[in-house]
Amino acid sequence: MNPVLADIYSTILPSAPFVIAAYALLWVALLVFVLMIMRGIKKSEAQVVVLEEALEDLKEKQA
């Protein structure tokens, strides 16, 4: 192997586990964030349905 490449690989490879862990942590954090946002959207949709039903009930009572 080329001595220059051997020197580069000896510098880069020891830090590879930290880079892999950082990327894995980033993906996990992104997944958790997306799941939290989806959960919030589902709650908001449920609240909109309840409000629409209450509004229709009010309209029926007024008519």
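Lys and Arg count as positive and Asp and Glu as negative, while His and the chain ends are not counted. On this basis the chain carries 5 positive and 7 negative side chains. The centres of these two sets lie 6 Å apart. The structure is a predicted model.

The chain contains two helices and zero strands. Its radius of gyration is 27 Å, well over the 11 Å that the globule rule gives for 63 residues, so the chain is more spread out than a compact globule. The C-alpha trace extends over about 90 × 15 × 10 Å along its principal axes. Of the 63 residues, 0% count as buried. The area exposed by the chain is about 6100 Å², and 73% of this is supplied by carbon and sulfur atoms.

Helix α2 comprises residues 16-62. Two separations between C-alpha atoms were computed for residue pairs in the chain. Ile-20 and Leu-35, which are 15 residues apart in sequence, are 23 Å apart in space. For Ala-29 and Glu-53, 24 residues apart along the chain, the separation is 37 Å. Ile-20 is located in helix α2, and so is Ala-29. Ile-20 counts as exposed because its relative accessibility is 58% and the exposed class begins over 50%. Ala-29, at 45% relative accessibility, counts as partly exposed, because values between the buried limit of 20% and the exposed limit of 50% define that class.

A nonpolar patch is present on the surface, formed by Val-19, Tyr-23, Leu-26, Trp-27, Leu-30, Leu-31, Phe-33, Val-34, Leu-35, Ile-37, Met-38 and Ile-41. Together these residues have about 1200 Å² of accessible area. Leu-35, one of the members of this patch, is also the partner of Ile-20 in the 23 Å separation given above. Met-38, another member, has its place in helix α2. The relative accessible area of Met-38 is 43%, so this residue is partly exposed.

A negative patch is also found on the surface, formed by Glu-52, Glu-53, Glu-56, Asp-57 and Glu-60. Glu-52 belongs to helix α2 and, with a relative accessibility of 48%, counts as partly exposed. Glu-53, also among the residues of the negative patch, is the residue whose C-alpha atom is separated by 37 Å from that of Ala-29.

Conventions:
Residues numbered from 1 in each chain as written. Predicted model: local features only at pLDDT ≥ 70, side-chain atom pairs only at ≥ 80, totals over all residues. Heavy atoms only, no water. Patch = residues over 30% accessible without salt bridge, like charges linked within 9 Å, V, L, I, M, F, W, Y side chains within 5 Å. Areas by Shrake-Rupley, 256 points an atom, 1.4 Å probe, with all protein chains shown as cover. Salt bridge = Lys/Arg side-chain N within 4 Å of Asp/Glu carboxyl O. Helix = DSSP H or I, 4+ residues; strand = E, 2+ residues; numbered from the N terminus. Buried < 20%, exposed > 50% of the residue type's maximum accessible area, 1.4 Å probe, protein only. Charge placed at Lys NZ, Arg CZ, Asp CG, Glu CD. Rg over C-alpha atoms; globule rule 2.2 N^0.38 Å.
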